[in-house]
Amino acid sequence: MATLVHRSPEVEAQEVNYLNVEHGWKSWLLTTDHKRIAMLYVISITLMFFVGGLMAVLFRINLLEPEGLFSAETYNRLFSMHGIVMVFFFLVPSIPATLANFLIPIMIGAKDLAFPRVNLLSWYIYVLGAILTLYAVVRGGVDTGWTFYAPYSSTYSNSYVLAAAFGVFTAGFSSILTGLNFIVTVHKMRAPGMTWSRLPLFVWSNYATGLIQVLGTPVLAITLLLLAFERIAHVGIFDPNIGGDPILFQHLFWFYSHPAVYIMILPGMGVISEIVSCFSRKRVFGYNFVAFSSMAIAVLSFVVWGHHMFLTGESMYTGLAFSLLSFMVAVPSAIKVFNWTATMYKGSVQFDTPMLYAFGFIGLFTIGGLTGLHLATLGTDVATHGTYFVVAHFHYVMVGGMVMAFMGGLHFWWPKMTGRLYPEAWSKFAALIVFIGFNLTFFPQFILGYLGMPRRYHAYPPEFQALNVLSTAGASILGVGYIIPMVYFIWSLKSGPKAGNNPWGAAGLEWQIPSPPTTFNFDETPIVTEEAYNYGPLEEVVG
Amino acid sequence: MTVHAHIPKVGTLVAVWAALLVATGLTSTVAYFDLGWLNIVIALLIAVVKASLVVWIFMGVRHTTNLTKLFVVAGLVWLSIMVLITYSDYSTRSWNYQPQPWSHAAGNGPAAK
Amino acid sequence: MADIVVSEGHEPALEGTHLKHHFATAAQQMDADTLGMWTFLITEVLFFGGMFASYAVYRNLYLDAFASTSLYMNVVLGGTNTAVLICSSLTMALAVRAAQLSNRKHLQLFLILTMIFGAAFLVIKGFEYHDKWVEGLIPGIHWFGYPEFPQYAYHAEILFFLYFCMTGMHALHMVVGLGLLSYLLIQARRNIFGASYYTPVEMIGLYWHFVDIVWIFLFPLLYLIGYHLHLHHK
């Protein structure tokens, strides 16, 4: 394996690492160390997560009563800003900008990403976008939905569309730069012996994510720009009054935003591959299939966008083609689920907190994915488009999937990033709370949607109240489940037990270096000679 | 593999420059005549040839790695996906679909007129 | 493995000054920079692509209205601008070549020529935009209602919206390009570039050629739609 010497914990604890090598705000705000930049992102996206979460709590409170507790105006702004903040400022950057930023150079045996200053720039651009969007929030938000559909957003809405659109536009460039950095890094910075077939699957997933970011996000940029020009000039290409087509906006918007949902799940899948293999003490079953599936998802994600538009006016024949392609894109995801399951089969499964989140992911992502097929089917989509069925579907994949994977990844690599362990009992408890809270919030929404409750309405028929109350109760529990880890993570920074190099006994280059790592990761460039996940025969595993 | 720098010959660069100017004159000249649907086809073909010359020679793709060539092709393929599929929505909207009844014995004749 | 770059120990001492710490060799750094620039150019292809997709859709729907706009498109100016950019691409390629040959004088000369051509392009564009203003062809902001073909007024407004978006974005990229070339010129005067290090020149060259390629498509698509109709001002 690597050529590094394993030192004793006492010596490691006194060593200089990337966190304490320099002090002062300049050493953080002008850093080019990918690990420090990852921590800057952790702080920013956590802040945005709680902003978006607060909006969710507020509008779920509104939904306690059938007539709605707030006005329709207020409700529309709350769910729109919730979507914008959560999608563009939490989910899209989440794992790539934090965990992948931290780990990819280490996992491939490099000292940093290919373009460290571009990495820092991407964080500043993210912050600028966040400030613009928070300005929109503070001034009252937008009420167009996170999808900014024309002509409402371009002509009729009285809200801060331009501010929010420019905030998202800016954040898009942050995403493009991150993806560009990962692509070049994985191609050009691998250590000797680190061939593509020896890469951890986490690297494969984030590489595929980078491809999507680079190919899709520019289209979002131009779409928002065209929307802004329309709004400013009061005439444009999405305006039916002059012969423009609002559906064109939808085509351009969803060309990015559908692949975007794969930006929001692929990194999570990468985390699950790492966690499942470590806590089954077994290499990932079907490595080639899983790696290939990441690439297949990245490619196929670009030819299914029309399934968001079955009912809005696109040609039926285009809809047929998109429906078929949407079925095809489900296959690689399913392949991954089967492979993770096969990894656990005859493995030595341990129920540490990261593995609990991985279990949650596999089950909930599967439900989310299967309900997606229901929506991809033209006939059933007629009944469920624009209802809470859709809302439940995407929350199962985004929250039950990606956020769980993010939590699992945070718990798995926290000891590596901070050098500290968190309290196991509290972390397991929080995982359970999250699981219960999540299902209580979103399972009733499948039923509500199937019964016909439309989304994006502040009020609903009284017979739906019981399920809505259940959902709001679930949301409060879910919120508690997210707050508990914030508390013990912060606690662990000062008072958690010191973690050694490899508290989980995991395979991977990142576990061969100290926790936390030094600024340049490796004393000498490692020479890689073995495949990833070389856990060896189970008889050799101790305890 | 390392890419050893390829230094282009001045003659090659000037030849490409001349070809590009000739092609520009050609595209303007052809556009002057009404050839119906051929006008746009020829215009795009000439533009593609010009762009290819710039990419292949001026941008040095001829002498670059296979990976770079793959990236260039991928960019063009993705652009095509976006343009062609969006375009196909508009071109198929006018296709009519006449649903057929299950059986004429049902009584009411064809469902749509 | 094709993508692994291993040091062969041949690079001269000059490399140390430009080699960043996280790269093993100068060749690896240049490979990474090149791939990075191409990746960035792909994002630009998709960025402009959104406007090209919109253009394709509406040209298909409203061909007659689009063709009528050729009355206002100055093919002479547009064609001249195309030639100007082609010349600037030649001088840019020659600048890269000069850097590769460590010829500082030629490098500076060709950079300056490229900038002159670029500036000329923008000046001509400025005249064209001024003409559009005078004729009231700025959609929404200064639109006189398209009096010569009132039946096409709405749809022609769409074309002009796209015209200003596409040529405006292109011009913005030219301005950025001029800024980058100025930076290169300053560095060239300081004798930074030579056979062992000319990466920024080549990278900015790639960007400049890309901007030229965008115009290669804009010219026929915007200026020549209805050229065969031989529309003339009275």
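**Exercise 1. Place C:Ala56 in its surroundings: in which helix is C:Ala56 found, and does it count as buried, partly exposed or exposed?**

Solution. Begin with the secondary structure of this predicted model, in which C:Ala56 is part of helix α2 of chain C, a helix that covers residues 26-61. Next, take the neighbour count, which is 17 C-beta neighbours inside 10 Å for C:Ala56. A residue is called buried at 20 or more such neighbours and exposed at 12 or fewer, with partly exposed in between. C:Ala56 therefore counts as partly exposed, because its count is 17. Then turn to the contacts: leaving aside residues up to four places away in sequence, C:Ala56 touches B:Val83 and B:Tyr87. Finally, consider a residue of its own chain, C:Leu221, which stands 165 residues away along the chain, while the C-alpha atoms of the two residues are separated by 9.5 Å.

**Exercise 2. Describe chain B: how many helices and strands are there in chain B, and into which domains is it divided?**

Solution. Counting the elements gives three helices and zero strands for chain B, and reading from the N terminus on, their order is α-α-α. The chain has 113 residues, of which 26% count as buried. For the contacts within chain B, look at those between residues at least 6 apart in sequence; of these, 39% join residues at least 24 apart. As for domains, chain B is divided into domain 1, residues 8-62, and domain 2, residues 64-94, and the C-alpha centres of these two domains of chain B lie 21 Å apart.

**Exercise 3. Examine the two interfaces of chain C: which helix gives the most to the side of chain B that touches chain C, and which gives the most to the side of chain A that touches chain C?**

Solution. Start with chain B, where 38 residues are in contact with 41 residues of chain C. On the chain B side, α1 (10-31), α2 (38-58) and α3 (66-92) each supply at least two residues, and α3(B) gives the most, with 13 residues. Sorted by class, this side of chain B has 28 nonpolar, eight polar and two charged residues.

Now repeat the steps for chain A, where 34 residues are in contact with 36 residues of chain C. The elements of chain A that give two or more residues to this side are α8 (161-188), α9 (201-233) and α10 (246-263), and α9(A) gives the most, with ten residues. The classes on this side of chain A are 23 nonpolar, seven polar and four charged residues.

**Exercise 4. Analyse the packing of α5(A): at what angle does it pack against α11(A), and at what angle does it cross α9(A)?**

Solution. Two packed helices are described by the angle between their axes and by the distance between those axes. Helix α5 of chain A (residues 94-108) and helix α11 of chain A (residues 266-278) pack at about 40°, with their axes 9 Å apart. This angle makes α5(A) oblique to α11(A). The contact is formed by A:Ile95, A:Pro96, A:Leu99 and A:Ala100 of α5(A), together with A:Pro267, A:Gly268 and A:Val271 of α11(A). By class, this contact of α5(A) with α11(A) has six nonpolar, one polar and no charged residues.

For the second pair, the axes of α5(A) and α9(A) come within 10 Å and cross at roughly 125°. These two helices, α5(A) and α9(A), are therefore oblique to each other, and α5(A) passes α9(A) in a left-handed crossing. Residues that make this contact include A:Leu103 and A:Met107 of α5(A) and A:Phe202 and A:Asn206 of α9(A). The contact of α5(A) with α9(A) divides into eight nonpolar, two polar and no charged residues.

Notes
Residues numbered from 1 in each chain as written. Chains lettered and ligands numbered in written order. Predicted model: local features only at pLDDT ≥ 70, side-chain atom pairs only at ≥ 80, totals over all residues. Contact = placed C-beta atoms within 7 Å. Helix = DSSP H or I, 4+ residues; strand = E, 2+ residues; numbered from the N terminus. Nonpolar A, V, L, I, M, F, W, Y, C, P; charged D, E, K, R; others polar. Axes fitted to C-alpha atoms, helices over the stretch in contact; angles between N-to-C directions. Parallel < 35°, antiparallel > 145°, perpendicular 65-115°, else oblique. Domains from an automatic or database assignment. Left-handed = near helix turned anticlockwise from the far one by under 90°.
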